[in-house]
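Work through the exercises below with the sequence and the structure side by side. Each task is followed by a solution that goes step by step.

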Amino acid sequence: MTATSPAIAYTTGGTVQAGGGLYLTRKADADLLQACRAGVFAYVLTARQIGKSSLMTRTAEQLRAEGVHAVVIDLQAIGVQVTAEQWYLGLLVIIEEQLMLDTDVIGWWMEHTHLGFTQRFTQFFDQVLLPEVTGQVVIFVDEIDTVLSLDFTDDFFIAIRYLQVNRAQQPELERLSFVLLGVAAPSDLIRDRQRTPFNIGQRIDLTDFTREEAQPFATGLQLPEATAQQVLEWVLDWTGGHPYLTQKLCRAVADQRVGQPTVQDVDRAAEREFLSAAARAAE
């Protein structure tokens with residue numbers, strides 16, 4: 001992988017794809033792609049700024065290239081100042097728009113007011129989505145931790161479980177799967193401890209970069225190869241391979257435009273970016 005400037009090589013906010021940055025793969029990339037291909041319910045629940053959205057975007061792009069219908073839902077777009085009906089219908093409207101369904105989802109929803117919100121949600125996939133869309137469908141739900149502000153979403157997770165375990169009775173459901181991403185533990189997302197939707201899912205562990213995985217970041221330093229590798233080692237001593245912190249410090253070192261950076265140059269950049277009063281005020 002190559003980069004023409006540090007601004008292209010390092011992404012310190014948003015997804016890598018959105019910023020045109022350098023995307024480095026980890027074990028989680030292969031694990032999530034395999035789970036999606038197999039139609040497995042999967043979840044990526046970990047800390048912020050470790051690359052969940054980039055992983056999701058990358059995986060969705062790969063699936064689409066393979067002919068899989070990938071839907072990406074950011075729950076922040078729906079918000080939390082909503083009723084249960086608005087929330088569920090908001091999900092379906094996003095799905096309708098991305099898959100360009102023929103059915104008017106709002107009209108369909110209003111025609112089924114004799115059913116509860118959760119039952120309407122599950123029947124939408126059985127009666128509308130799967131009959132209209134051929135092939136496999138993977139629905140990514142990002143920022144799932146926003147449901148912590150809502151008091152009605154236990155049934156959402158139970159609905160996903162229902163769609164997964166009911167495949168024996170409805171084989172068409174094997175074409176549908178979900179991936180949840182966010183900052184929360186599974187136990188935090190569901191209030192009723194008697195309900196266990198996550199015991200059927202596959203957890204995808206998204207970890208910091210290993211030193212081997214992080215090696216391409218040396219390219220953006222725009223230094224002779226041996227020097228760049230040494231500087232990257234000093235950077236990783238500070239960041240431990242954390243995606244955001246590693247890119248932030250690499251960019252800071254590159255911006256110093258020191259001909260032959262020393263470990264002291266890296267230390268000064270790290271102290272300025274992470275430990276200074278200005279850095280702490282920006283947190």
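**Exercise 1. Find how strands S2 and S3 pair, and then follow the bridges from S2 through S3 into S4.**

Begin with S2 and S3, which in this predicted model pair in the parallel sense over six bridges. Within this pair, valine 72 stands opposite phenylalanine 140 in S3. Next, step across to the other neighbour: phenylalanine 140 has valine 179 as its bridge partner in S4. Strand S3 (residues 137–142) and S4 run parallel as well, and five bridges join them. Two further positions can be checked along S4, since valine 137 stands opposite leucine 176 and valine 141 stands opposite leucine 180.

**Exercise 2. Extend the path beyond S4 and work out the order of the strands in the sheet, and then say which strands stand at the edges.**

Start again from leucine 180 in S4, which is also the bridge partner of tyrosine 43. This belongs to the pairing of strand S1 (residues 42–45) with S4, which is parallel and has four bridges. Putting the pairs together gives an open sheet of five strands in the order S2-S3-S4-S1-S5, with parallel pairing. Strand S2 (69–74) and strand S5 (202–203) each have a single partner strand and therefore stand at the edges, so that one side of each is left without a neighbour in the sheet.

**Exercise 3. Decide whether the two faces of S3 and of S4 are covered or open.**

The general rule to apply is that side chains in a regular strand alternate between the two faces of the sheet. For S3, one side holds Val137, Ile139 and Val141, while the other holds Val138, Phe140 and Asp142, and the residues on both sides are all buried. The count for S3 is accordingly six buried residues of six. For S4, the residues on one side are Leu176, Phe178, Leu180 and Gly182, those on the other are Ser177, Val179 and Leu181, and both faces are covered. Seven of the seven residues of strand S4 (residues 176–182) are buried.

**Exercise 4. Describe how helices H5 and H7 pack, and say which kinds of residue make up their contact.**

Two packed helices are described by the angle between their axes and the distance between the axes. For helix H5 (residues 84–99) and helix H7 (residues 117–132), the angle is about 15° and the axes are 10 Å apart. The two helices H5 and H7 are therefore roughly parallel to each other, and their crossing is right-handed. On the H5 side, the contact is made by Ala84, Glu85, Tyr88, Leu91, Leu92, Ile95 and Leu99, which meet Phe117, Thr118, Arg120, Phe121, Phe124, Phe125 and Leu129 in H7. Sorted by kind, the residues of this contact of H5 with H7 are 11 nonpolar, one polar and two charged.

**Exercise 5. Locate leucine 55, decide whether this residue is buried or exposed, and list its contacts from beyond its neighbours in sequence.**

Leucine 55 lies in helix H4 (residues 52–65). Its relative accessibility is 1%, and because buried means under 20%, leucine 55 counts as buried. When neighbours within four places in sequence are left aside, leucine 55 is in contact with Tyr23, Ala28, Asp29, Leu32, Val44 and Leu206.

**Exercise 6. For glutamine 49 and methionine 100, compare phi with the general rule, and then find the place and the exposure of each residue.**

The rule is that most residues other than glycine have a negative phi. Glutamine 49 has a positive phi, near 60°, and methionine 100 also has a positive value, near 50°. Glutamine 49 is placed in the loop between S1 and H4, and with a relative accessibility of 48% this residue counts as partly exposed. Methionine 100 is placed in the loop between H5 and helix H6 (105–111), and its relative accessible area of 69% makes methionine 100 exposed.

**Exercise 7. Place these details in the whole chain by stating its secondary structure and its buried share.**

The protein chain has 13 helices and five strands. Of its 283 residues, 49% count as buried. Among contacts between residues at least 6 apart in sequence, 72% join residues at least 24 apart.

Methods: Residues numbered from 1 in each chain as written. Predicted model: local features only at pLDDT ≥ 70, side-chain atom pairs only at ≥ 80, totals over all residues. Heavy atoms only, no water. Axes fitted to C-alpha atoms, helices over the stretch in contact; angles between N-to-C directions. Parallel < 35°, antiparallel > 145°, perpendicular 65-115°, else oblique. Left-handed = near helix turned anticlockwise from the far one by under 90°. Contact = heavy atoms within 4.5 Å. Nonpolar A, V, L, I, M, F, W, Y, C, P; charged D, E, K, R; others polar. Buried < 20%, exposed > 50% of the residue type's maximum accessible area, 1.4 Å probe, protein only. Pairing = 2+ DSSP bridges.
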